[in-house]
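Hi everyone, thanks for making time this morning. Let me put today's model up on the screen, and then we can walk through it together.

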Amino acid sequence: MNIDFIRDSIVSEFYLTQHAMQKMLERAISKNEVSEVINNGVIIEEYPNDKYGPSCLIFGTTKEERPLHVLVSYSNPVWVVTTYVPSEEEWIENQYRKVR
């Protein structure tokens, strides 16, 4: 998947699943931060057969340098499925999954 497609698709709007909204509230992540990560981040994993439709995990940092992961379903329209701060227990440099 090309991240430019996702960025072009959210020029006007992207949508949040109920799960994404709940997690954003719990984790104090704003919609602006999600937008920053989508617009400036990189795709670190792709899930072509995800239950939400083809999706990918985007890593980026906010203007305040907060690292975030944003899972988006890139059907049209783009849906944000969830977002979180990557943990050091699961990620190396916030971009590579640790092998367990």
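Strands β1 and β5 pair in the parallel sense, over two bridges. If you want a spot to look at, find Tyr15, which stands opposite Trp79 in β5. β5 also pairs with β4, this time in the antiparallel sense and over five bridges. Those two strands, β4 and β5, form a hairpin with five residues between them, and Leu71 stands opposite Thr82 in β5.

Please keep in mind that this is a predicted model. The mean pLDDT for the chain is 89, and 88% of the residues score at least 70. Where is confidence lowest, and where is it highest? The low end is helix α1, residues 3-9, with a mean of 64, and the high end is α2, at 97.

Now a quick overview. The chain has three helices and seven strands, and along the sequence they come in the order α-β-α-α-β-β-β-β-β-β. Of the 100 residues in the chain, 41% are buried. Among contacts with a separation of 6 or more, 45% are between residues 24 or more positions apart. For those of you who like surfaces, the accessible surface comes to about 6,000 Å², and carbon and sulfur atoms account for 49% of that.

Let's go to α2, which spans residues 18-27. Which of its residues are buried? They are Ala20, Lys23 and Met24. These cover an arc of only 105° around the axis, so they sit on the same side of α2. The general background is that an α-helix has 3.6 residues a turn, so residues three or four places apart point the same way. On the face turned away from the buried side of α2 you will find the exposed residues Gln18 and Leu25. And what covers the buried residues of α2? The cover includes β1, α3 (31-40) and β5, so we are back at the β1 and β5 pair, which is parallel, with α2 packed against it in the sense that β1 and β5 are part of what covers its buried residues. Just after α2, Ala28 takes a positive phi of about 55°.

While we are on backbone angles, there are two further places to click on. Glu65 has a positive phi of about 65° although it is not a glycine. Glu65 is found in the loop between β3 and β4, and it counts as exposed because its relative accessible area is 67%, with the cut-off for exposed being over 50%. The other place is Asn94, where phi is near 65°, again a positive value in a residue other than glycine. Asn94 lies in the loop between β6 (91-92) and β7 (96-97).

My last stop is Ser55, in strand β3, which covers residues 55-61. Is Ser55 buried or exposed? Its relative accessibility is 0%, so Ser55 counts as buried. The side chain of Ser55 makes a polar contact of 2.7 Å with the side chain of Asp50. Leaving aside residues up to four places away in sequence, Ser55 touches Glu46, Tyr47, Pro48, Asp50, Leu71, Val72, Ser73 and Tyr74. You may recognise Leu71 from that list, as the residue opposite Thr82 in β5.

That's my tour, and I'm happy to rotate to any spot you'd like to see again.

Terms used:
Residues numbered from 1 in each chain as written. Predicted model: local features only at pLDDT ≥ 70, side-chain atom pairs only at ≥ 80, totals over all residues. Heavy atoms only, no water. Helix = DSSP H or I, 4+ residues; strand = E, 2+ residues; numbered from the N terminus. Buried < 20%, exposed > 50% of the residue type's maximum accessible area, 1.4 Å probe, protein only. Polar contact = N/O pair within 3.5 Å; in protein donor to acceptor, adjacent residues only side chain to side chain. Contact = heavy atoms within 4.5 Å. Arc of directions from axis to C-beta. Areas by Shrake-Rupley, 256 points an atom, 1.4 Å probe, with all protein chains shown as cover. pLDDT = per-residue confidence, 0-100. Pairing = 2+ DSSP bridges.
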